[in-house]
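Biologist: Could you walk me through one part of this model in detail? I would like to start from a single side chain and work outwards.

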Amino acid sequence: MKIAVLISGRGSNLKAIIKGIKSGKIKAKIPLVISNKKDAKGLDIAKKYNIPARFIDPAPYKNREDYDKVLIKELEKIDPDLVVLAGYMRILTDPFIEAFENRLINIHPSLIPSFQGLKAQKQALDYGAKFTGCTVHYVTKDLDNGPIIIQAVVPILPNDTEKTLSERILSYEHRIYPQAIKWISEGRILIKNRHVIVKNAEYGTLPVNPKLEDF
């Protein structure tokens, strides 16, 4: 399976996915990483593992649609089986989502549909929620609201800050994202409307549902 990864920042989820591939747990390769930020540390992580990595500057393009057209062309050159958003901080346009329908996934630091959009961890703290978590989902035209593959539940503590809560959630992101990608690579995903079923997975477990198998 060929995976393209879009990033904007530190690339910690990218690194977790690369480790899953290097360990042999995920039967895949990453032929391209693209960032919309020149100083994204994730670009250095990709280069460290000899993965082709490119910064594509949004500045010369007059709108998001024109920029996404360029991304589509670059991705089509490698014909990815899966496009993974790993901390990619731009809202994708409808034509991009249509170009990679059912092979475009994201991870969001909340239990969607709760706390969608930016600063989900802060949203959960400000709301006074007692639990939050992270979600791997397919990307649709509704922001942070696509069909859910896997979720992890994280408790919110009375003395939590945005930083401490984010770190606790991130530790699960690094496990559920590679797991979801492994299931996809194995052809175990069934999608019907909003419902995603992982064939032969164990459901009904906490704090992760369906149950982690490899990470």
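What is the relative accessibility of Ile 197, and how does this residue count on that scale?

Modeller: Happy to! The model is predicted, so local features need pLDDT of at least 70 and side-chain atom pairs 80 or more, while totals for chains, interfaces and linings use all residues. Residues are numbered from 1 along each chain as its sequence is written, and side-chain values use heavy atoms, with hydrogens and water left out.

Ile 197 counts as partly exposed because its relative accessibility is 44% (buried is under 20%, exposed over 50%, partly exposed in between, with a 1.4 Å probe and protein chains only). Its place in the fold is strand β9, residues 195-198 (a DSSP E run of at least two residues). Together with Leu 190 and Tyr 203, Ile 197 makes a nonpolar surface patch of about 270 Å² (residues with over 30% relative accessible area and no salt bridge, nonpolar side chains joined within 5 Å, like charges within 9 Å; areas by the Shrake-Rupley method with a 1.4 Å probe).

Now for the charges. Lys 211 forms a salt bridge with Glu 202, with 3.7 Å between the closest N and O atoms (a side-chain nitrogen of Lys or Arg within 4 Å of a carboxyl oxygen of Asp or Glu). Both partners are partly exposed: Lys 211 has 40% relative accessibility and Glu 202 has 43%.

Lys 182 takes part in two salt bridges of its own. With Glu 186 the closest N and O atoms are 2.3 Å apart, and with Asp 214 they are 3.5 Å apart. The pair of Lys 182 and Asp 214 links distant parts of the chain, 32 residues apart: Lys 182 is in helix α6 (residues 162-185) and Asp 214 in the segment after β10 (208-209). Here a helix is a DSSP run of H or I with at least four residues. Lys 182 is buried, at a relative accessible area of 10%. Its partners count as partly exposed, Glu 186 at 37% and Asp 214 at 24%. These three also belong to a network of salt bridges with Arg 188 and Glu 213. Over the whole structure, a search finds 12 salt bridges.

Just along the chain from Asp 214 comes one more contact: the charged end of Lys 25 sits over the ring of Phe 215, 5.0 Å from its centre (NZ of Lys or CZ of Arg within 6 Å of the ring centre and within 35 degrees of the ring normal).
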